[in-house]
Amino acid sequence: LLSGDHHWYNFGDAYGRSIDIFKDGTTSPGPHGINDDELLVRETESLPRDDGRPHFIFYHLMSVHELGYHNERFEKYQPIENMVAFEMSAPKILSRAKIQAVHNAYDNRVLQADHFLERIFETLERKGYLESFVAVVTADHGQLLGENGRFGHPKQFADLQSIRIPMIFLSS
């Protein structure tokens with residue numbers, strides 16, 4: 001269950017062919033488009049109750065990604081500046097206030113991702129999937145937030161901030 005487009009460059013095929021359900025933002029968009037994590041909650045709610053067999057469920061959230069749909073109700077930290085406005089590959093010299101605004105926007109997106117993870121886990125619990133489970137919450141990449149004048153996660157460089165990612169393990 002993936003928000004975003006996972007069919008570009010045949011990326012969807014990388015998940016394999018023996019998948020019971022494959023939904024991404026292109027096949028099942030959320031209310032605000034393909035990058036809206038609301039679709040993950042909706043698809044989780046459509047799952048049947050746990051039948052006791054082993055399951056593997058993979059989620060890909062776009063909330064923290066700069067292209068993900070961002071709901072204004074999560075704008076706790078102000079002021080904000082979307083880093084998409086900055087050229088990703090060329091280093092920029094920005095004021096501390098601009099860099100703080102980029103950090104604020106990112107922190108707001110983390111709040112939104114937390115909200116969707118909470119809703120997904122609540123739904124999985126209600127449907128019985130968390131009676132016996134192991135979950136790994138991680139990221140596919142880090143994010144540069146002004147370190148060395150760089151923003152985002154371009155392919156042209158690999159700073160520690162873009163390759164070090166959080167990883168949380170949960171189990172019943």
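**Notebook: helices, voids and a cis peptide bond**

I began with α2, which has 31 residues and reaches 45 Å from its first C-alpha to its last, close to the 45 Å expected at 1.5 Å a residue. I note at the outset that the model is predicted.

I then looked up what comes after α2. The helix is followed by G128, and the phi of G128 is positive, near 90 degrees.

**Overall layout**

I recorded three helices and four strands in the chain. Read from the N terminus, the elements are ordered α-α-β-β-β-α-β. For the extent of the C-alpha trace along its principal axes, I entered about 55 × 35 × 30 Å.

**Packing of α1 and α2**

I described this pair by two values, since two packed helices are described by the angle between their axes and the distance between the axes. Helix α1 covers residues 38–45 and helix α2 covers residues 96–126; they pack at an angle of about 0 degrees, and their axes are 9 Å apart. Because angles under 35 degrees count as roughly parallel, I entered α1 as roughly parallel to α2.

Which residues make the contact? On the α1 side I listed E38, L40, V41, T44 and E45. On the α2 side I listed F116, R119, I120, T123, L124 and R126. Sorted by class, the contact of α1 with α2 has five nonpolar, two polar and four charged residues.

**Loop between α1 and α2**

I checked the peptide bond from Q78 to P79 and found it cis, with omega near -10 degrees. I placed P79 in the loop between α1 and α2.

**Cavity**

How many cavities of 30 Å³ or more does a search of the whole structure find? The search finds one. I noted a volume of about 60 Å³ for the largest cavity. The lining of the largest cavity consists of V64, E66, E81, N82, M83, V102, A105, Y106 and R109. I divided these lining residues into five nonpolar, one polar and three charged.

**Second largest pocket**

I next examined the second largest pocket, with a volume of about 590 Å³. It is lined by 19 residues, and of these I19, D20, I21, F56 and I57 lie nearest its centre. By class, I counted 13 nonpolar, two polar and four charged residues in the lining of the second largest pocket.

Definitions and conventions:
Residues are numbered from 1 along each chain as its sequence is written. This is a predicted model: local features need pLDDT of at least 70, side-chain atom pairs count only at pLDDT 80 or more; totals for chains, interfaces and linings use all residues. Side-chain values use heavy atoms; hydrogens and water are left out. Axes are lines fitted to C-alpha atoms, for helices over the stretch in contact, and angles run from 0 to 180 degrees between N-to-C directions. Helices (H or I, at least four residues) and strands (E, at least two) are DSSP runs, numbered from the N terminus. Angles under 35 degrees count as roughly parallel, over 145 as roughly antiparallel, 65 to 115 as roughly perpendicular and the rest as oblique. Contact means heavy atoms within 4.5 Å. Ala, Val, Leu, Ile, Met, Phe, Trp, Tyr, Cys and Pro count as nonpolar, Asp, Glu, Lys and Arg as charged, and the others, Gly among them, as polar. The expected span of a helix is 1.5 Å times one less than its number of residues. On a 1 Å grid over the protein atoms alone, a cavity is a set of points where a 1.4 Å probe fits but cannot get out, and a pocket is an open set with protein on both sides within 12 Å along at least five of seven lines; lining residues have an atom within 4 Å of a point. Grid points are joined across faces, edges and corners, and a volume is the space filled by probe spheres set on the points.
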